[in-house]
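I opened the structure today and kept notes on what I looked up. The entries follow in the order I made them.

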Amino acid sequence: MDAHLLTVILLGIVEGLTEFLPVSSTGHLILASELLGYNAAEWATFNVVIQLGAILAVVLLYWRTFWGVFLGLLGQDLRAWRFATNLLLAFLPSVVLGLALHSQIEAMLGAPTIVAVALIIGGVAILVIERMLGTFQFTGVDRIPFGRALGIGFIQCLAMVPGVSRSGATIMGALSLGVDRKTAAEFSFFLAIPTMIGATTLEMVKSRDALMDASVNWGDIGIGFVVSFIVAIIVIKLFVGWVSKRGFAPFAWYRIVAGSAALIWLLTR
């Protein structure tokens, strides 16, 4: 296997493996670019498009849930309307702040040191939140109060700092606001769909000239998309069962160790 194809597959694995875990997929892709020594700018379009593979994994695994909500909305079912409203409320803060702070966010994407520090701080935050958890009050996305869904959306915006983790911020925010572990994890999956589609669409519009360029290797993008999709399916299925029983502490310790190792490497290379 040549080095180029290996990079394509590795990046697809990194995206699918980390997108829905509280460890930051963007942060890992940034660190991977530093570690592998490739030109991150040349792979920017690739990294944006393969995110849709991870999104497709959520749609496939939870299609019955989405279809049920769709039918419920047509039939004026209260639970379906609450489900959809909670997703909309949690999505809105990222739209407003994402557009307002887009240039600042773009600037941070080129700073791997920020990623390493954010991994460490996020790991410590997860351990603290896990230790402070009380009784869970809300089970089921449709049972989360509207105000708390909006609060989760604002907490998700912390992930605009690369290395924080969108899923990690969403899950920890939900846990802090009384949502049980399984619902918090699934809410982060569902919220990823509008959030990532919005972010990916924005990046694709910005990169439209690059996407139309004859030099774009759609074969590489296709391979990365498929790899990301397959890995994300496996991760999602295992993740929900894991966190329901064991919590998030192992991911916190991974973040601290990985972030510390990356920081030492970045500062001493």
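**Entry 1: helix α10.** The model is a predicted one. I began by asking what covers the buried residues of α10. The list I found includes α8 (112-132), α9, α11 and α13. I then checked how much of α10 is covered, and 10 of its 11 residues turned out to be buried. I wrote their names down: R166, S167, G168, A169, T170, I171, M172, G173, A174 and L175. Past α10 I came to G178, which has a positive phi, near 95°.

**Entry 2: the largest nonpolar core.** Next I looked up the largest nonpolar core, which has 47 residues. Which of them touch the most other members? They are four phenylalanines: F20, F189, F239 and F248. I also noted which helices supply at least two residues each, among them α4 (51-61), α6 (78-100), α9 (146-156) and α10 (166-176). The others I noted are α11 (181-206), α13 (218-246) and α14 (249-268). The largest share comes from α13, with 10 residues.

I picked F239 for a closer look. Leaving out residues up to four places away in sequence, F239 touches F20, L21, P22, I171, A185, F189, F248 and F251. I recognised I171 from my first entry, where it is one of the buried residues of α10.

I also found a second core of nine residues, separate from the largest one. Its members include F46, V49, I50 and I221.

**Entry 3: α2 against α8.** I turned to helix pairs. Helix α2 (residues 25-36) packs on α8 at an angle of about 130°, and their axes are 9 Å apart. Are they roughly antiparallel or oblique? Angles over 145 degrees count as roughly antiparallel, so I entered α2 and α8 as oblique to each other. Their crossing is left-handed. On the α2 side I listed G27, H28, I30, L31 and E34 as making the contact, and on the α8 side P112, V115 and L119. Sorted by class, this contact has five nonpolar, two polar and one charged residues.

**Entry 4: α8 against α14.** My last pair also involves α8. The axes of α8 and α14 come within 8 Å and cross at roughly 155°. Because angles over 145 degrees count as roughly antiparallel, I entered α8 and α14 as roughly antiparallel to each other. The crossing of α8 and α14 is left-handed. By class, I recorded 16 nonpolar, five polar and two charged residues in the contact of α8 with α14.

How values were computed:
Residues are numbered from 1 along each chain as its sequence is written. This is a predicted model: local features need pLDDT of at least 70, side-chain atom pairs count only at pLDDT 80 or more; totals for chains, interfaces and linings use all residues. Side-chain values use heavy atoms; hydrogens and water are left out. A nonpolar core is a set of buried Ala, Val, Leu, Ile, Met, Phe, Trp, Tyr and Cys residues joined through side-chain atoms within 4.5 Å. Buried means under 20% relative accessible area, exposed over 50%, partly exposed in between (1.4 Å probe, protein chains only). Helices (H or I, at least four residues) and strands (E, at least two) are DSSP runs, numbered from the N terminus. Contact means heavy atoms within 4.5 Å. Axes are lines fitted to C-alpha atoms, for helices over the stretch in contact, and angles run from 0 to 180 degrees between N-to-C directions. Angles under 35 degrees count as roughly parallel, over 145 as roughly antiparallel, 65 to 115 as roughly perpendicular and the rest as oblique. A crossing is left-handed if the near helix is turned anticlockwise from the far one by less than a right angle, and right-handed if clockwise. Ala, Val, Leu, Ile, Met, Phe, Trp, Tyr, Cys and Pro count as nonpolar, Asp, Glu, Lys and Arg as charged, and the others, Gly among them, as polar.
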